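Here is a guided walk through one protein model. Keep the sequence and the coordinates at hand while reading.

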Amino acid sequence: MKLRNVLIVVKDIEKSKAFYKDLFGLDVVLDNDGNVILTEGLVLQDAALWKGFIKRDILPRNHAAELYFEERDIESFVKKLENYKEPIEYVHPLMEHTWGQRVIRFYDPDGNLIEVGTPM
């Protein structure tokens with residue numbers, strides 16, 4: 001068995017495609033009307049479709065999982081966040097762990113938790 005993708009639920013596919021393209025450089029691999037596969041294996045699923053599949057409420061900002069990205073030039077990435085066309089909701093600013101890794105955590109437009117850290 002092989003893990004192929006990670007799926008996150010979003011309310012506005014176009015807004016989310018732009019967010020992940022502009023900030024992370026992810027491109028669309030396949031767009032299936034409400035289900036979009038991006039490079040690096042990230043899948044965007046339309047919230048209304050997802051709710052129909054699972055028959056349960058969607059709980060944004062549930063803090064049960066995060067998307068983790070690595071970036072060598074973290075200062076430039078932080079500037080990119082600060083200059084993004086929409087306000088970014090931060091969990092915490094750029095910080096340094098005791099083991100030396102620098103990280104920042106924030107939410108995407110739908111409350112999916114994201115961490116960007118320097119490579120270990």
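The text below goes through the sheets, the helices, one strand end and the pockets in turn.

This is a predicted model. Begin with the sheet that contains β1. This open sheet has four strands, ordered β1-β4-β3-β2, and its pairing is mixed. Its edge strands are β1 and β2 (28–31), each of which pairs on one side only. Direction ignored, neighbouring strands here are turned by 20° against each other on average.

Look at the β1 end of that order. Strand β4 covers residues 42–46 and pairs with β1 in the parallel sense, over five bridges. Within this pairing, Ile8 stands opposite Leu44 in β4. Two helices pack on the sheet. One is α1, which touches β1, β2, β3 (35–38) and β4. The direction of α1 makes about 160° with that of β4. The other is α2, which touches β1 and β4. Its direction makes about 85° with that of β4.

Now turn to the other sheet. What is the strand order here? It is β5-β8-β7-β6, an open sheet of four strands with mixed pairing. β5 (67–70) and β6 stand at the edges with a single partner strand each, so one side of each is left without a neighbour in the sheet. The twist averages 15° from one strand to the next.

Strands of a sheet pair through backbone hydrogen bonds, in a parallel or an antiparallel way. β6 and β7 run antiparallel and are joined by four bridges. Along this pairing, Tyr90 has Phe106 in β7 as its bridge partner. His92 stands opposite Arg105, also in β7. The two strands form a hairpin, with five residues between them. Gly100 sits in the turn and has a positive phi of about 100°.

Strand β7 then pairs with β8. Five bridges join β7 to β8 (residues 113–117), and the strands run antiparallel. Phe106 stands opposite Ile114 in β8. So which strands flank Phe106? Its partners are Tyr90, which lies on the β6 side, and Ile114 in β8. β7 and β8 also form a hairpin with five residues between them. In that turn, Gly111 has a positive phi of about 85°. Is β7 mostly covered or mostly open? Five of its six residues, which span 102–107, are buried.

Helices meet this sheet too. α1 packs on it and touches β5, β7 and β8, with a direction about 10° from that of β8. α3 lies across β6, β7 and β8, running at about 20° to β7. The helix α1 therefore appears in the packing of both sheets.

The two helices α1 and α3 also meet each other. Their axes come within 10 Å and cross at roughly 145°, with α3 spanning residues 74–82. From α1, the contact uses Asp22, Leu23 and Phe24. From α3, it uses Phe77, Lys80 and Leu81. By class, these residues are four nonpolar, no polar and two charged.

Go back to the end of β6 and pick out Glu96. This residue belongs to β6, which covers residues 90–96. Why does Glu96 count as exposed? Its relative accessible area is 52%, and exposed means over 50%. Beyond its neighbours within four places in sequence, Glu96 is in contact with Gln101 and Arg102. Gly117 is 21 residues away along the chain, and its C-alpha atom is 9.3 Å from that of Glu96.

Finally, the pockets. The largest has a volume of about 470 Å³. It is lined by 24 residues, and Ile8, Val9, Leu59, Asn62 and Asn112 lie nearest its centre. The elements giving two or more residues to this lining are β1 (6–10) and α2 (47–54). β1 gives the most, with five residues. The lining divides into 15 nonpolar, four polar and five charged residues. Ile8 thus has two roles in this account: a place opposite Leu44 and a place by the centre of the largest pocket.

The second largest pocket has a volume of about 190 Å³. It is lined by 13 residues, and those closest to its centre are Lys15, Glu86, Pro87, Asp108 and Pro109. Helix α1 (residues 13–24) gives the largest share of the lining, three residues. Here the classes are seven nonpolar, no polar and six charged.

Note on methods. Residues numbered from 1 in each chain as written. Predicted model: local features only at pLDDT ≥ 70, side-chain atom pairs only at ≥ 80, totals over all residues. Heavy atoms only, no water. Buried < 20%, exposed > 50% of the residue type's maximum accessible area, 1.4 Å probe, protein only. Contact = heavy atoms within 4.5 Å. 1 Å grid on protein atoms, 1.4 Å probe; cavity = no way out; pocket = protein on both sides within 12 Å on 5 of 7 lines; lining within 4 Å. Points joined across faces, edges and corners; volume = space filled by probe spheres on them. Nonpolar A, V, L, I, M, F, W, Y, C, P; charged D, E, K, R; others polar. Pairing = 2+ DSSP bridges. Axes fitted to C-alpha atoms, helices over the stretch in contact; angles between N-to-C directions.
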